[in-house]
Amino acid sequence: MHARNRSWAMIAAAAFGMLGVTPHTFAQTASLVPVRKPSTQNTTIGQDTSWTFRMKPDVIVESPIVRLSDVIVPLDPNTPGWPRLARTAVGLVPVDGTPMQVDRDRLSKVIEHTEATPRTIHWVGSNRSQVHYEQGNPSRSQAVQQTQYRVAVDADTPAIDLAFAERIIRWIKQTIDRDDRDFQDRYELTIDPTQPAMHGLVRARGIQQATFVSGIQEGEVVLRVVSLGLEGPIEAELVATIVANPVAIVPTRSIRSGVRLGPGDLTKQPIPLAEWDDAYYTDVSDLIGTESKGSLRASEPIRYGSVGKPTLVRRGDLLEVRVINGAISVTTNAKAQCDGSESDLIEIETLDPRKRLVARVVSSGLVEIVTRAPRTE
């Protein structure tokens, strides 16, 4: 009995001794390791950004419009900016079966034109791609194909100037925005100014109406345009491409630092492709219950790193310290020397005697130190 009491006394003394001895007298267990925060991938495109792409030697597409994702593949699937670059149009492939040749130099210029920020582009694989068109969706592809090659104009109609064609496209977009003010926020509209049907608008002096024949849907669509020309109304059908803008999560109001986010604080908002950043949150469920780590502006996309786990302990808080040594549990008080969230390791200072220790945050106002019980022979 005497030996047993002495053993328990040794264990209790070790637990109490945590509050008055140097840290080398105890060892923390794995339970003190905080939960690892998910890493945030760097998506900034700058002077030192390096991209590596592989050319596809032979490509078959179901749409006359060829995009970067049809002819190249990034070696790194997490290449910064790739979701936006992938949608960039490269050119039109003939639908009569004639293949289109696309080489590296052409694609490099397309990428540089799309991204104004300098970067280095590396290429692997073949020097060029050969693209063939095969009709996919019968109803939709046929409508696009027929429109692409139907030019209902007189034989003496002059060729349209490219700068004037770009101006007509701006008129068309303004007309669409006038009838649907949210269209520009929800979608990106692309119209090839070199398509044959543009020649029908060479005498246009404004756009009265622009409607999508089959309604608004992603992909290639037929756009019917009505213009007022010098000699009367002009009607043309153009091929356009609609791409839905990605959606980010934004605050419904301005939020200061240290606020825990709830469903009423968040909403979804389309972001133009030119302004998109892969560091934006896209799922509301990832943000509910988190805490703002800085000021969040209303309607501005929330980025990774701007929120985190709620802070349970703040610097200067008076804490309850629970020291666990085997079957013995001892409590005392201390002051927090820094902020901490659940499972974080923080530095604390006991009150009497004054000692600096490291503890794990358990809950609001409670931290824990776990030690190994001393061996007994």
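This passage walks through the confidence, strand pairing and aromatic contacts of a predicted model.

Confidence comes first. The chain averages a pLDDT of 77, and 77% of its residues get to 70 or more. Among its elements, strand β13 (residues 247-251) has the highest mean value, 94, while helix α5 (residues 138-149) sits at the other end with the lowest, 48. Two stretches call for some caution. Over residues 21-45 the pLDDT stays under 50, and the model gives this stretch 36 contacts beyond four places in sequence. Residues 145-155 are also below 50, with 21 contacts beyond near neighbours in sequence.

Next up is a sheet in the earlier part of the chain. It is an open sheet of 3 strands, ordered β4-β1-β7, and its pairing is mixed. The edges belong to β4 (72-74) and β7 (120-125); each has a single partner strand, so one side of each goes without a neighbour in the sheet. On average, and ignoring direction, neighbouring strands here are turned by 35 degrees against each other. Strand β1 (residues 50-55) runs parallel to β7, and 6 bridges join the two. One of the residues involved is T52 in β1, whose bridge partner in β7 is H122. Helix α4 (residues 104-114) lies across β1, β4 and β7, and its direction makes an angle of about 145 degrees with β7.

The β1 and β7 strands also meet through their side chains. By the ring-pair rule, the count comes to 6 aromatic pairs. In one of them, the ring centres of F53 and W123 are 5.7 Å apart with the planes at 45 degrees, so this pair is tilted. Since F53 belongs to strand β1 and W123 to strand β7, the pair ties together parts that are 70 residues apart in sequence. How accessible is F53? Its relative accessible area is 0%, so F53 is buried. W123 counts as buried too, at 17% relative accessibility, which falls under the 20% cut-off.

A second tilted pair is made by F183 and Y187: their ring centres lie 5.3 Å apart and their planes stand at 35 degrees. F183 is buried, with a relative accessibility of 3%. The grouping does not stop at two rings, as F183, Y187 and F212 form one aromatic cluster.

Further along the chain, β21, β22 and β23 follow one another through two hairpins. Strand β21 (residues 345-350) and strand β22 (residues 356-363) run antiparallel, joined by 5 bridges, and the hairpin they form has 5 residues between the strands. Across this pairing, E349 stands opposite R356 in β22. β22 then pairs with strand β23 (residues 366-371), again in the antiparallel sense, over 3 bridges. Here V361 stands opposite V367 in β23. What sits between β22 and β23? Their hairpin has 2 residues between the strands, and G365 takes a positive phi near 80 degrees.

One last residue links this region to another strand. V330 has its place in strand β19 (residues 328-336) and, at 7% relative accessibility, counts as buried. V330 and I369 are 39 residues apart in sequence, yet their C-alpha atoms are 9.8 Å apart in space. I369 falls within the residue range of β23, 366-371.

Technical notes:
Residues numbered from 1 in each chain as written. Heavy atoms only, no water. Pairing = 2+ DSSP bridges. Helix = DSSP H or I, 4+ residues; strand = E, 2+ residues; numbered from the N terminus. Axes fitted to C-alpha atoms, helices over the stretch in contact; angles between N-to-C directions. Contact = heavy atoms within 4.5 Å. Buried < 20%, exposed > 50% of the residue type's maximum accessible area, 1.4 Å probe, protein only. Phe/Tyr/Trp six-rings, centres within 6.5 Å; stacked < 30°, edge-to-face > 60°. pLDDT = per-residue confidence, 0-100.
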